[in-house]
Protein chains: 4
Amino acid sequence: MVVAEVTVIPIGTEGPSLSKYVGKALEKLEESNVKYDLTSSGTILEGEMDEVLKGVKEMHESVFDEDVLRVVTTLQIDDRRDKSLTIEGKKESVRKRLED
Amino acid sequence: MVVAEVTVIPIGTEGPSLSKYVGKALEKLEESNVKYDLTSSGTILEGEMDEVLKGVKEMHESVFDEDVLRVVTTLQIDDRRDKSLTIEGKKESVRKRLED
Amino acid sequence: MVVAEVTVIPIGTEGPSLSKYVGKALEKLEESNVKYDLTSSGTILEGEMDEVLKGVKEMHESVFDEDVLRVVTTLQIDDRRDKSLTIEGKKESVRKRLED
Amino acid sequence: MVVAEVTVIPIGTEGPSLSKYVGKALEKLEESNVKYDLTSSGTILEGEMDEVLKGVKEMHESVFDEDVLRVVTTLQIDDRRDKSLTIEGKKESVRKRLED
């Protein structure tokens with residue numbers, strides 16, 4: 001199980017807004033069974049590596065369906081083998097530290 | 001006003017846990033007047049560019065106070081000049097798209 | 001064809017050096033037919049999306065073979081559909097600009 | 001001394017080409033005394049943290065001079081305190097590993 005953050009950035013769009021493209025990419029994710037959490041900087045995915053990579057590829061491809069000729073997709077994968085990482089678990093462990 | 005996401009990763013720590021280091025870095029941020037939002041993949045900052053860069057540098061330095069010899073800090077800055085970006089505003093604009 | 005940059009960072013290693021782990025990851029890449037270029041910040045890959053994702057996954061996995069319990073892998077994919085991106089082509093287009 | 005990689009991505013440009021913007025950003029860097037190395041995925045900087053952050057901010061700002069309303073700048077800083085990191089040194093240490 002990995003927790004990964006993805007951003008998809010279309011290059012050469014009419015204006016500076018990205019929400020239409022991010023929305024389309026998230027619709028693709030809804031069709032996959034990858035759990036996700038939307039943040040103001042990207043989308044955090046939780047799942048097995050292959051599922052996550054498949055979801056990222058589909059998000060990446062969906063942007064080209066919107067008359068875009070170039071896409072830069074960034075992905076940061078956090079993978080831990082001594083315990084299973086989850087979206088909630090990672091936040092919780094830092095919150096606890098702040099309370100100490 | 002920019003919205004930026006930062007992750008600080010110490011290299012050469014005793015074990016695989018990062019929460020102690022992230023907790024220390026967030027304590028530094030609390031002392032600055034940069035608004036932030038903790039996610040499971042990083043910390044999202046909202047503020048003027050100079051304030052944000054100062055906050056990131058302090059977060060980065062704080063990890064060295066924990067007997068760490070190497071730190072990799074990643075920062076993604078989103079800066080828009082036709083309207084002011086905020087942590088909440090960016091999430092809201094994508095949520096609206098998903099409702100359409 | 002995409003051009004992508006990957007960094008693999010092991011968490012919880014004995015010391016601050018990463019070259020052993022990067023070396024192992026590059027050995028995996030040598031076995032795949034993905035073209036690559038080593039830089040001082042990461043490894044740049046050139047190939048079809050699926051080949052590149054497969055190469056990245058193998059690089060990521062190879063670090064766990066070195067008694068590491070956690071790995072953070074970062075990937076930035078640049079994908080252009082109006083012309084084929086290559087490692088050399090991307091550098092060349094910026095160099096030309098600098099000469100103008 | 002840190003070694004950092006920066007990419008500047010303009011959002012809402014006429015077409016998918018980025019070389020004009022990267023070229024302008026590099027011109028700014030030439031004016032600063034930060035050593036740099038151009039790769040096909042970004043620009044690698046070598047210098048003191050404050051110099052590097054100043055150089056990155058100037059590169060980021062230079063893109064707005066080209067009638068761009070939004071810029072996403074990504075920075076990955078590698079900072080080691082037991083020995084001084086350099087662009088050449090980092091590549092050399094991995095090359096040696098590959099030869100072993």
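The residues lining the largest cavity split into seven nonpolar, 13 polar and four charged. Let's use that cavity as the way in, keeping in mind that this is a predicted model.

**Stop 1: the cavity**

Show cavities in your viewer. How many cavities of 30 Å³ or more are there? The count comes to one. Its volume is about 410 Å³. For the residues closest to the centre, select A:Thr74, B:Thr74, C:Thr74 and D:Thr74, then add D:Gln76; they belong to a lining of 24 residues.

Now colour by secondary structure and see what the wall is made of. Which elements give two or more residues to the lining? In chain A they are strand 1 (2-11) and strand 4 (70-80). Chains B, C and D each bring strand 1 (2-11) and strand 4 (70-80) as well.

**Stop 2: chain A by itself**

Hide everything but chain A. You should be looking at three helices and four strands, and if you trace them along the sequence the order reads β-α-β-β-α-β-α. Turn the C-alpha trace along its principal axes and you'll find a span of about 50 × 30 × 20 Å.

Try a contact view next. Take the contacts in chain A between residues at least 6 apart in sequence: 69% of them join residues at least 24 apart. As for burial, 60% of the 100 residues of chain A count as buried. Switch on the surface too: chain A exposes about 4100 Å², with carbon and sulfur atoms supplying 45% of it.

**Stop 3: from A to B**

Bring back chain B. Chain A lands on chain B with an RMSD of 0.0 Å after a rotation of 180° and 0.0 Å of shift along the axis. That is how a two-fold axis relates its copies. Which residue of chain A comes closest to this rotation axis? Select A:Thr39, whose C-alpha sits at 3.7 Å from the axis. Colour the interface while you're here: 100% of the interface residues of chain A are also interface residues in chain B, so the copies meet through the same surface.

**Stop 4: from A to D**

Swap chain B for chain D. A turn of 180° with a shift of 0.0 Å along the axis lays chain A on chain D, again at an RMSD of 0.0 Å. For this axis the residue of chain A to pick is A:Gly12, which comes closest at 2.7 Å (C-alpha). Here too the same surface serves both copies, since 100% of the contact residues of chain A recur in chain D.

**Stop 5: two aspartates with positive phi**

Stay with chains A and D and open a Ramachandran plot. Most residues other than glycine have a negative phi. A:Asp67 goes the other way, with a positive phi of about 60°. Zoom in and you'll see A:Asp67 in the loop between helix 2 (49-64) and strand 4 of chain A. Is A:Asp67 buried or exposed? It is exposed, because its relative accessible area is 75%, where the cut-off is over 50%.

Jump across to D:Asp67. Its phi is also positive, near 55°. D:Asp67 lies in the loop between helix 2 (49-64) and strand 4 of chain D, and with a relative accessible area of 75% it is exposed.

**Stop 6: Val6 in chain C**

Move over to chain C and select C:Val6, which you'll find in strand 1. At 2% relative accessibility, C:Val6 counts as buried. What does C:Val6 touch, leaving aside its neighbours within four places in sequence? Light up C:Gly42, C:Thr43, C:Leu45, C:Val56, C:Met59, C:Thr73, C:Thr74 and C:Leu75 as its contacts. Then draw a distance from C:Val6 to C:Ser84: the two are 78 residues apart along the chain, and their C-alpha atoms are separated by 20 Å.

**Stop 7: Glu30 and back to Thr74**

For the last pick, go to helix 1 (residues 19-31) of chain C and select C:Glu30. C:Glu30 counts as exposed, at 52% relative accessibility. From there, draw a line to C:Thr74, which is 44 residues away in sequence and 19 Å away in space, C-alpha to C-alpha. That brings you back to where the tour began, as C:Thr74 is one of the residues closest to the centre of the largest cavity.

How values were computed: Residues are numbered from 1 along each chain as its sequence is written. Chains are lettered from A and ligands numbered from 1 in the order in which they are written. This is a predicted model: local features need pLDDT of at least 70, side-chain atom pairs count only at pLDDT 80 or more; totals for chains, interfaces and linings use all residues. Side-chain values use heavy atoms; hydrogens and water are left out. On a 1 Å grid over the protein atoms alone, a cavity is a set of points where a 1.4 Å probe fits but cannot get out, and a pocket is an open set with protein on both sides within 12 Å along at least five of seven lines; lining residues have an atom within 4 Å of a point. Grid points are joined across faces, edges and corners, and a volume is the space filled by probe spheres set on the points. Ala, Val, Leu, Ile, Met, Phe, Trp, Tyr, Cys and Pro count as nonpolar, Asp, Glu, Lys and Arg as charged, and the others, Gly among them, as polar. Buried means under 20% relative accessible area, exposed over 50%, partly exposed in between (1.4 Å probe, protein chains only). Contact means heavy atoms within 4.5 Å. Accessible areas come from the Shrake-Rupley method with a 1.4 Å probe; for residues, only the protein chains shown count as cover. Copies are superposed by least squares on the C-alpha atoms of residues with pLDDT of at least 70 in both.
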